[in-house]
Amino acid sequence: VGGSSKFRGMSDRLHEELRSQCRVGTSLNVVDAWDPDLDAWRGAAAYANGSLKQKEAFATYVNKREYEELGPNRIFVAT
C-alpha cells in the first residue's frame with residue numbers, strides 16, 4: 001500500500017518474492033489495494049480505535065510460542 005504500490009508490475013513482483021519465501025503448496029493471493037494512497041491509514045485508524053479484533057481476518061500479532069509452533073506461514077494465513 002502507498003503510492004509506490006501503483007508502479008506497473010508491483011503486484012506480480014510482490015507475489016513472486018513472497019512465493020519464494022513460502023513452503024511449496026502454500027496458497028498465496030496478492031490483492032491490489034482499493035485506494036493505495038489511503039488504505040494503510042484507514043487500516044491503522046480501524047486498528048487504533050478497536051474496530052479490528054484478533055479473531056477477524058488476520059492475526060494482528062503472533063507471540064513467540066505461536067511463531068515457534070506455526071512458523072512464518074502463520075503470518076500469511078487467515079484464521
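**Close-up views of a predicted chain**

**View 1. Lys-6 is found in the segment before α1.** The model is predicted: local features need pLDDT of at least 70 and side-chain atom pairs count only at pLDDT 80 or more, whereas totals for chains, interfaces and linings use all residues. Residues are numbered from 1 along each chain as its sequence is written, and side-chain values use heavy atoms, with hydrogens and water left out. Helix names such as α1 follow DSSP runs numbered from the N terminus (helices: H or I, at least four residues; strands: E, at least two). When neighbours within four places in sequence are left aside, Lys-6 is in contact (heavy atoms within 4.5 Å) with Pro-36 and Asp-37. Between Lys-6 and Asp-32, which are 26 residues apart in sequence, the C-alpha to C-alpha separation is 8.6 Å.

**View 2. Asp-37 and Lys-6 form a salt bridge.** The term denotes a side-chain nitrogen of Lys or Arg within 4 Å of a carboxyl oxygen of Asp or Glu. For Asp-37 and Lys-6, the closest N and O atoms are 3.0 Å apart. This pair links distant parts of the chain, 31 residues apart: Asp-37 belongs to the loop between α1 (10-19) and α2 (39-48), and Lys-6 to the segment before α1. The side chains of Lys-6 and Asp-37 are also joined by a polar contact of 3.0 Å. A polar contact is a pair of N or O atoms within 3.5 Å; within protein, one must be able to donate a hydrogen and the other to accept it, and residues adjacent in sequence count only if both atoms are side-chain atoms. Asp-37 has a relative accessible area of 48%, so it counts as partly exposed (buried: under 20%; exposed: over 50%; partly exposed: in between; 1.4 Å probe, protein chains only).

**View 3. Pro-36 lies in the loop between α1 and α2.** With a relative accessible area of 14%, Pro-36 is buried. Its C-alpha atom is 6.1 Å from that of Gly-3, although Pro-36 and Gly-3 are 33 residues apart in sequence. Pro-36 is also one of the contacts of Lys-6 beyond four places in sequence.

**View 4. Arg-42 and Asp-39 form a salt bridge in helix α2.** The closest N and O atoms of this pair are 3.4 Å apart. Asp-39 and Arg-42 lie three residues apart, about one turn of the helix. Both side chains belong to partly exposed residues: the relative accessibility of Asp-39 is 22%, and Arg-42 has a relative accessible area of 36%. Asp-35, in the loop between α1 and α2, makes a side-chain polar contact with the side chain of Arg-42 at 3.3 Å. Asp-35 is buried, at 19% relative accessibility.

**View 5. Arg-65 and Glu-69 form a salt bridge.** The closest N and O atoms of Arg-65 and Glu-69 are 3.0 Å apart. Both residues are in helix α3 (residues 64-70), and about one helical turn separates them because they are four residues apart. Arg-65 is exposed, with a relative accessible area of 52%, and Glu-69 is exposed at 56% relative accessibility. Elsewhere, salt bridges that share partners join Asp-35, Asp-39 and Arg-42 into one network. The count of salt bridges comes to six.

**View 6. Thr-26 is placed in the loop between α1 and α2.** The side chain of Thr-26 reaches the backbone oxygen of Arg-23 at 2.8 Å. At 16% relative accessibility, Thr-26 counts as buried.

**View 7. The whole chain holds four helices and zero strands.** Along the sequence the pattern is α-α-α-α. Of its 79 residues, 13% count as buried. The exposed area is about 6600 Å², of which carbon and sulfur atoms supply 56% (Shrake-Rupley method, 1.4 Å probe; for residues, only the protein chains shown count as cover). Among contacts with a separation of 6 or more, 40% come from residues 24 or more positions apart. The mean pLDDT (the predictor's confidence in each residue, from 0 to 100) is 78 for the chain, and 73% of the residues reach 70 or more. Among the elements of the chain, α1 has the highest mean pLDDT (92) and helix α4 (residues 73-76) the lowest (60). Where pLDDT is low, the predicted coordinates should not be read in detail.
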